[in-house]
Amino acid sequence: MTSRKNKVHYLLVDGTYYLYRSYYSFSFLKNKHNVSSGAIYGVINILKKFSFQYPKTHIIIIFDSPTKTFRHELFHSYKLNRHMMPTNLKLQIKPLYEIIKTMGFPILTIPNFEADDVIGTLAYEADKKGKITLISTNDKDLAQLVNTNINILEEKSGTILGNKEIEKKYGVVPRLIPDLFGLMGDKSDNIPGVLGIGKKTALVLLKYFGSIQNIYRNIHEITKSSFRGANNTYKKLIKNKKLAFVSKNLATIRTNVYINKSINELVMSKPSIYKLSNFFKYYEFYNFLKLLDKGTFLMNMNKF
């Protein structure tokens, strides 16, 4: 584990995942002015931890765009099942961004794109340069990016997931994750998939044919297959062909988002002790203040 950590050049943090996780984990936190601060506290805490776990790694934090994305245009019901962002959480976003920047971390939000697509673009840029990237997230879609140079970091366990681990976890190699969700759908994002086809059947189809494209190129072969329910599966695929391809498209992470800076330019800057101190006093993060006074709030705070 230690040797793998030392080789990591970039840690791409799914800020949106940690934003929501922190909000619900620390929903009780408020200062004396009755201002909610749980999401702010949780995200700061995880970034502080990462700075010590990966001291030689460039850490970049990426958030979803607040606007609708191209996926909503592609499928109007995309994520329609999600609740609106709570007001208490929405009010914490702007100050959180300011604090992250004050901590010195580069932060990215690209209009009309989800964090996944920005992460995918940065990870592929690093991959082309032969650099090792870790992605810290709980989003299963990002598993499709995994290759020799790109791995997923499970934050809770600290486990690093590569090709073999992803295949064991999902039943398919990383590049087939969009095909898997294209067939079985994904309730969390309201991706429909092929109605009536679950994970078990989807895995059988992908084992036989390798991709959604190959399934439809060889669609008549399904009725000759030996797996149970082949005829019904054939009918479902015929009826929902459009949904299958739309669903795969929705689940496919874009890796060509325009970003006006290269990944090499997204480096940590000098933290502002004075500004951080004022933020922490206002939000009453006294444990952070103590660490700030000791110079141990972030790893290598005085290296700049």
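How accessible is Lys 169, and does Lys 169 count as buried or partly exposed? In this predicted model, the relative accessibility of Lys 169 is 45%, so this residue counts as partly exposed. Its side chain meets that of Glu 154 in a salt bridge, with 3.1 Å from N to O. Because Lys 169 lies in helix H7 (residues 163–170) and Glu 154 in strand E5, the pair ties together parts that are 15 residues apart in sequence. Glu 154, for its part, has a relative accessibility of 25% and likewise counts as partly exposed.

This pairing is one of five salt bridges that the structure holds. As a helpful reminder, side chains of opposite charge can pair when their charged atoms come close. A further salt bridge joins Asp 179 and Lys 248, whose closest N and O atoms are 2.9 Å apart. Asp 179 belongs to helix H8 and Lys 248 to helix H12 (residues 241–251), so this pair ties together parts that are 69 residues apart in sequence. Asp 179 is buried, with a relative accessible area of 2%, and Lys 248 also counts as buried, at 14% relative accessibility.

Also among the five is the salt bridge between Lys 140 and Asp 186, in which the closest N and O atoms are 3.3 Å apart. This pair links distant parts of the chain, 46 residues apart. Lys 140 sits in the loop between strand E4 (133–136) and strand E5 (150–154), while Asp 186 sits in the loop between helix H8 (177–184) and helix H9 (199–209). The partners fall into separate exposure classes: Lys 140 is partly exposed, with a relative accessible area of 25%, whereas Asp 186 is buried, with a relative accessible area of 5%.

Attention now turns to the nonpolar interior. The largest nonpolar core has 54 residues, and those touching the most other members are Ile 62, Leu 122, Leu 183, Leu 205, Ile 215, Ile 222 and Leu 237. Helix H6 (residues 115–128) supplies the largest share of this core, namely six residues. Ile 215 offers a convenient view of the packing: with its neighbours within four places in sequence left aside, Ile 215 is in contact with Leu 183, Leu 205, Leu 206, Phe 209, Ile 222 and Leu 237. A second core, separate from this one, comprises 40 residues, including Tyr 23, Tyr 54, Leu 96 and Phe 288.

Conventions: Residues numbered from 1 in each chain as written. Predicted model: local features only at pLDDT ≥ 70, side-chain atom pairs only at ≥ 80, totals over all residues. Heavy atoms only, no water. Core = buried A, V, L, I, M, F, W, Y, C linked by side-chain atoms within 4.5 Å. Buried < 20%, exposed > 50% of the residue type's maximum accessible area, 1.4 Å probe, protein only. Helix = DSSP H or I, 4+ residues; strand = E, 2+ residues; numbered from the N terminus. Contact = heavy atoms within 4.5 Å. Salt bridge = Lys/Arg side-chain N within 4 Å of Asp/Glu carboxyl O.
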